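Student: Please show me how to read a model like this one, feature by feature.

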Amino acid sequence: MTDFIARLRTADVFPKLNDAFSTRTSSGGVITLASSIVMILLFTAEIRLLFVPHTSNNLNVDTSRGAKLQINLDVTFHHMGCATISLDAMDVSGDNHLDVITNIFRRRLGPDGKPKIDDVAEKETKLGGSNLVVIPSANGSDILNISHPDACGSCYGAEEKQDECCNTCNDVREAYRRRGWAFGNIDHVAQCKNERATEKISEQKGEGCNIYGHLEVNKVAGNFHFAPGKSFQQGNMHVHDLMPFENMDFNVSHTIHKMSFGADFPGVQNPMDGVARIMRPQDGQGMYQYFVKVVPTLYRTARGHEIDTNQFSVTEHYKKSEGAMRGLPGVFVFYDLSPIKVHFTEERRSFLQFLTSVCAIIGGVFTVSGLIDSFVYHGQKAIKQKMEIGKLT
C-alpha cells in the first residue's frame with residue numbers, strides 16, 4: 001500500500017511549493033484582480049448565450065401550393081372621409097374583392113386627427129335606425145316603410161330576378177355593379193336618400209379616415225388599393241364611380257402605421273411601418289404606387305413552434321394625374337411573390353457546451369495571467385538586481 005501511494009505521488013503534475021518558498025507581490029495582486037474581472041465578464045456572457053437562443057437561416061425553394069396570404073394594414077388618410085374611400089383587392093387568378101368590408105374597420109377622424117366621438121352613432125345608423133323614410137316597392141305600385149320585416153324595395157331596373165329586393169342604397173349600388181352600370185345620379189334613389197349617402201360625403205368633408213384590419217387573398221401576385229368612389233367591374237375593366245365627387249379634388253396624403261404580409265416573428269422588420277406621405281399643393285392629384293416583393297418565410301422557435309409568414313421589400317413611385325383619364329388618385333400596392341423561401345431556426349447551446357466554454361475560460365485566463373505575472377515578476381527582479389550592482393544607467 002505504501003509503494004502504491006509513493007507511485008501515485010510521482011504521477012502528480014501539480015507539485016506544491018512550500019509556503020516558505022512562495023512570494024506574494026503587489027503586481028501579482030493587480031493581475032489576479034484583473035483576471036478575476038475578466039473571468040466574471042466572460043462567464044456572464046456565457047450565461048447569456050446559454051439562455052438566449054441564436055438564429056440560423058437557410059434558403060429553399062418555396063414548394064407550397066394553394067395557400068392564402070394575409071395582409072395586415074393600418075392606414076390613415078388625413079384629408080379623405082370614410083364615405084369617400086373604397087378598398088379593393090384583385091389578383092392575377094381573376095379574383096376581385098370590391099369595396100372590401102370583411103375584417104376591415106373604419107374610424108372617422110376629425111380635422112385635428114382625433115377620432116370622432118359619434119362613431120358609434122354613425123355605425124348604428126348604417127345598420128338601421130327608426131327614422132326611415134318610405135321608398136318605392138319592387139312592383140312600383142305603392143310605397144312602403146323599409147323598417148317593416150317584409151319590405152322589398154325596388155332595384156330600379158337592375159334586378160336579376162323578379163322578386164329581388166333592394167332595401168338599402170348599397171343593395172341598389174350592388175345591383176347596378178353586377179349589371180355593369182354606372183351608378184350616376186342618386187337623387188332619385190330613395191334608399192340613398194334614406195341613408196343620406198350624398199349628405200355623408202358632404203358631412204365628412206375635411207375629415208380623415210383610419211382604415212385597419214386584414215385582407216385574406218390568394219397567394220399569387222396581385223394588388224390592393226385605396227381610391228375614391230364605389231368600384232365595379234365593367235367587362236374586363238375595373239372602374240370607380242366618381243359621379244358623386246364631381247368637381248372635388250382628392251388629397252391622398254396618408255400615413256401607413258402598419259403593413260405586413262402574415263404574422264410577425266422575432267426580429268422582423270416591416271419597411272412600410274411608419275411611412276408618411278403628405279401631398280403639397282404643387283403636387284396636384286395623383287396616385288402613390290408601392291411595388292412590394294414578398295418573400296415567404298418560415299420561423300421555427302427553439303421549442304419547435306413554426307410561424308409560416310412573409311417578409312417583404314418595397315419601392316415606391318408617385319404618378320401625377322394629368323387630366324380625368326390619366327389615372328385614378330389613390331394609394332396602390334402591387335405585390336409579387338418570390339420563389340425562394342427563407343427558413344429561420346432558433347438554436348440553444350447545450351449545457352455540456354456551456355461547461356466546456358467555462359472550463360476554457362478559467363484555464364485560458366489563468367494561464368495567460370500566469371504568463372503575465374511571471375514576465376512582470378522576473379522583469380522587476382532583473383531590474384532590481386542591476387540597480388543593486390550599479391549597472392542600470
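**Reading the chain**

Tutor: Let us begin at Ser-93, which sits in the loop between E3 and E4. Helices (H or I, at least four residues) and strands (E, at least two) are DSSP runs, numbered from the N terminus. This is a predicted model, where local features need pLDDT of at least 70 and side-chain atom pairs count only at pLDDT 80 or more, while totals for chains, interfaces and linings use all residues. Residues are numbered from 1 along each chain as its sequence is written, and side-chain values use heavy atoms, with hydrogens and water left out.

Student: Is Ser-93 buried or exposed, or partly exposed?

Tutor: Buried means under 20% relative accessible area, exposed over 50%, and partly exposed in between (1.4 Å probe, protein chains only). Ser-93 has 47% relative accessibility, so it counts as partly exposed.

Student: Which residues is Ser-93 in contact with, leaving aside its neighbours within four places in sequence?

Tutor: Contact means heavy atoms within 4.5 Å. By that rule, Ser-93 is in contact with Asn-218 and Val-220, once neighbours within four places are set aside. The C-alpha atoms of Ser-93 and Lys-219 are separated by 9.7 Å, although their positions lie 126 residues apart along the chain.

Student: How many helices and strands does the chain have?

Tutor: There are seven helices and 17 strands. Of the 393 residues in the chain, 35% are buried. For contacts between residues at least 6 apart in sequence, 70% join residues at least 24 apart.

Student: At what angle do helix H2 and helix H7 pack?

Tutor: Axes are lines fitted to C-alpha atoms, for helices over the stretch in contact, and angles run from 0 to 180 degrees between N-to-C directions. H2 (residues 26-51) and H7 (residues 351-388) pack at about 165°, with axes 10 Å apart. H2 and H7 are therefore roughly antiparallel to each other (under 35 degrees is roughly parallel, over 145 roughly antiparallel, 65 to 115 roughly perpendicular, the rest oblique). H2 passes H7 in a right-handed crossing, the label used if the near helix is turned clockwise from the far one by less than a right angle, with anticlockwise being left-handed.

Student: Which residues in H2 meet which in H7?

Tutor: On the H2 side they include Ile-31, Val-38, Leu-42 and Glu-46, and on the H7 side they include Phe-354, Ile-361, Val-365 and Asp-373. The residues of this contact divide into 15 nonpolar, six polar and two charged (Ala, Val, Leu, Ile, Met, Phe, Trp, Tyr, Cys and Pro are nonpolar, Asp, Glu, Lys and Arg charged, and the others, Gly among them, polar).

Student: What does accessibility say about single residues on these two helices?

Tutor: Ser-26, in helix H2, has 65% relative accessibility and so counts as exposed. Its C-alpha is 9.9 Å from that of Tyr-377, with the two residues 351 apart in sequence. In helix H7 you find Cys-359, which counts as exposed because its relative accessibility is 55%. Cys-359 and Phe-43 are 316 residues apart in sequence and 9.9 Å apart in space, C-alpha to C-alpha.

Student: Where does Pro-53 lie?

Tutor: Pro-53 lies in the loop between H2 and strand E1 (54-61). With 25% relative accessibility, Pro-53 counts as partly exposed. Beyond four places in sequence, Pro-53 is in contact with Glu-346, Glu-347 and Arg-348.

Student: How many residues has the largest nonpolar core?

Tutor: In soluble globular proteins, nonpolar side chains tend to be buried together. A nonpolar core is a set of buried Ala, Val, Leu, Ile, Met, Phe, Trp, Tyr and Cys residues joined through side-chain atoms within 4.5 Å. The largest one here has 37 residues, and those with the most contacts inside it include Ile-71, Leu-215 and Phe-224. Elements giving two or more residues to this core include strand E2 (68-77), strand E8 (208-218) and strand E9 (222-228). E2 provides the largest share, five residues. Apart from this core lies another, of ten residues, among them Cys-169 and Val-189.

Student: What is the phi of Asp-99?

Tutor: Asp-99 has a positive phi of about 50° although it is not a glycine. Asp-99 lies in the loop between strand E4 (96-97) and strand E5 (104-109), and its 18% relative accessibility is why Asp-99 counts as buried. Asn-103, also found in the loop between E4 and E5, has a positive phi of about 60° without being a glycine. Asn-103 has 37% relative accessibility, so it counts as partly exposed.
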